[in-house]
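User: Could you take a close look at one part of this model and explain, step by step, how its pieces are packed and paired? I am a first-year student, so please explain each term when it comes up.

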Amino acid sequence: MMDAGRHPNIELLTYSEVVGMEGFVGNFRVRIRRKPRFVDTDLCTGCGLCVEACVLKNRIPAEFEVGMGKRGAAYIPFPQAVPLKAVIDAEHCLYLKRGKCSQKCVKACERGAIQFDQTEEIIEVQVGTVILATGTDMYDMKDLPQYGYGIYPNVLDSLQFERLCSAAGPTGGQVLLADGRVPESIAFLHCIGSRDEHTNRYCSRLCCMHTLKLAHLALEKTHARVYEFYIDIRSGGKRYEEFYERVQEEGVIFIRGKASEVLPEDGKLVVKAEDTLLGRLVSVPVDMVVLALGMTPSKGTVEVARIFGVSRSDDGYFMEAHPKLRPVDTNTDGIFVAGCCQAPKDIPDTVAQASAAAAKAMALMTRGQVMEDPVVAEVIPERCVGCGECVLSCPYKAITLMEGKAVVNSALCKGCGTCVGTCLGHAIIGHQFTHDAILMEVRGLLHEPEQVRASV
Amino acid sequence: MLILSPRFDKRRVSEGEILATDSFEPRIVGFLCNWCSYAGADNAGLGRLKYPENIRIVRVRCSGRVAPDLVLRTFQEGADGVMVLGCHFGDCHYVSGNYRTAKRIPMLRKLLEVFGIEPERLRLEWVSASEGQRFAEVVTEFTETIRRLGPLDLHPKRSTIPASGATSETRENAVHA
């Protein structure tokens, strides 16, 4: 991340979102909304004095701590943030919301970097290619109350457990229960929100390996009895199976059966499941439950797809042009995808896809020219009366009316022929599929050989 | 010398009249969209499914390409029945072409009677790329429908559509038109 932030040819627009796009490959015009940080990034050094001084310090749930820690209204998201600059949360800041605050942050800042009069701005950039890498969110547990998430304090999700394990996290790297005790038993539940027609049918691909890692860390950091409730262990990857064997040898207890529910009993959390290898129902009391939550397309995926005109598959992820042969292309020329926004995958695969998408974008741009599919529509201006029906019929907005005549943008045209079928005056040619060509085809297909006709 | 299959009927042409024989074989033209229905027909072939040979398939990119006048000209060229097959709603490779078709073809069916053509001779169906079985069923059923209806009695001299291709649309012709 730091390399990207420092690279002279990369301009990072953080705290920003794309709000609109027009154009076509080689000539995209993208509108971006830049939200105000209320901090001048040229002056801010990331020293953190404003963060310490903020009157709301430790009062607001911190996004990075996944609900396990708190921050103030003036904050730096995490110690390795790029750029390492402070930001003021307008949703909570007392001065921005109510106009009343002692502004300790302003007083603490030795460079006068805090600027409450910043406003949102919309900028437009011109680019030749676009790569979508909008990532993933975790399954929303409101549909699955039976696991006690958000109900019992010691039911965590995998990211929250990561924060417990992190030396920079809310517990300084110790695995602790909500009341501060060290757990004597921990259960990791696989496939919560995956591989199920009631949640998502697909496998989220990385949680088996991730959960093995967390179980491994749990054994390292505590002397707890560690269980994993699984359906299958998916460890296809370089050295992945060997790690699974190692975790088994380290003493994690594997129960082959997805957990059905978590209930409190006698101060413990009881995990219920069917152990399919034993053929018996089991109830396992533990101190802490960690849920391996499934992956979902990130929140903004629908909107991003709409803005860029990219299709989504029926699981909600961006649709690649071909599942095997073109996994980083989309059906729109010049727009590529990489990472989990296309489908669940882990870090090595994401990096590989990102490299692929970058290479494809580079190849396109260094060529400087695009090869166009010859199957496109073309208007005969002399026949066009400018009724505009074709404009409405085009799914790709490839036709516009200019000075009373329709004009097809052949870079946007996909050659479907809907406009050709719409035009009553035959003023649009569908190249390679012209009216004459099809009619000749029909004539040839219906042709009755002379001999048959003659044999009266 | 063409070797004629006994299944093909011999049409008797006398004084501009076309008569049906007992072994009338319908001549059906199907306009299939490249991505769904054409692939579905291919799928039927992969599955070695049997369906009548009467259908002659014309591939178009999208069912939205099929203009009403193309269908009428197809009848005029001698088709006894015309099928237009496209993608199911929501599945169109080109997003919305099939919605256009869904409005056009039923409207055309209503107008067919004006031209002296039974509306049942035009059929619109949605077939996806994996529905080889459905393709075979739909074609079989439509072939039987046309067989029952008999040959289309539409002689070029009698129809109201000009026989010559007055709507050629290459650029040179348009400029000289």
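Analyst: In chain A, helix α5(A) passes helix α6(A) in a left-handed crossing, a name used if the near helix is turned anticlockwise from the far one by less than a right angle, whereas a clockwise turn is called right-handed. The model is predicted, so local features need pLDDT of at least 70 and side-chain atom pairs count only at pLDDT 80 or more, while totals for chains, interfaces and linings use all residues. Residues are numbered from 1 along each chain as its sequence is written, and chains are lettered from A, with ligands numbered from 1, in the order in which they are written.

Helix α5 of chain A covers residues 158-165 and helix α6 of chain A covers residues 207-221, and their axes come within 11 Å and cross at roughly 35°. Helices (H or I, at least four residues) and strands (E, at least two) are DSSP runs, numbered from the N terminus; axes are lines fitted to C-alpha atoms, for helices over the stretch in contact, and angles run from 0 to 180 degrees between N-to-C directions. On the α5(A) side the contact is made by A:S158, A:F161 and A:C165, and on the α6(A) side by A:C207, A:H210, A:T211, A:L214, A:L217 and A:K221, where two residues are in contact if their C-beta atoms, placed from the backbone, lie within 7 Å. These residues divide into 5 nonpolar, 3 polar and 1 charged, with Ala, Val, Leu, Ile, Met, Phe, Trp, Tyr, Cys and Pro counted as nonpolar, Asp, Glu, Lys and Arg as charged, and the others, Gly among them, as polar.

Helix α6(A) also packs on another helix, α7 of chain A (residues 240-250), and here the axes come within 10 Å and cross at roughly 35°. This crossing, in which α6(A) passes α7(A), is left-handed. From α6(A), the residues A:M209, A:L212, A:A215, A:H216 and A:L219 take part, and they meet A:Y240, A:F243, A:Y244, A:V247 and A:E250 of α7(A). Sorted by class, this contact has 8 nonpolar, 1 polar and 1 charged residues.

To place these helices in the chain, it helps to know that chain A is divided into domain 1 (2-131), domain 2 (137-296) and domain 3 (377-446), with bounds that come from an automatic or database domain assignment. The C-alpha centres of domain 1 and domain 2 of chain A lie 34 Å apart, and 6 residues of domain 1 are in contact with 6 residues of domain 2 in this chain. On the side of domain 1 of chain A that touches domain 2, the residues divide into 3 nonpolar, 2 polar and 1 charged.

Chain A also has an open sheet, formed by 3 strands in the order β1-β2-β7 with antiparallel pairing. Strands β1 (16-24) and β7 (121-127) of chain A stand at its edges with a single partner strand each, so one side of each is left without a neighbour in the sheet. On average, and with direction ignored, neighbouring strands of this sheet are turned by 20° against each other. In general, the strands of a sheet pair through backbone hydrogen bonds, either parallel or antiparallel.

Looking at the individual pairs, β1(A) is joined to β2(A) by 8 bridges and the two run antiparallel; two strands pair if DSSP finds at least two bridges between them. Within this pair, A:E17 has A:R33 of β2(A) as its bridge partner. The hairpin of β1(A) and β2(A) has 2 residues between the strands, and there A:G26 takes a positive phi near 90°. On the other side, 7 bridges join strand β2 (residues 27-34) of chain A to β7(A), again in the antiparallel sense. Here A:R29 stands opposite A:Q126 in β7(A), and A:R31 stands opposite A:E124 in β7(A).
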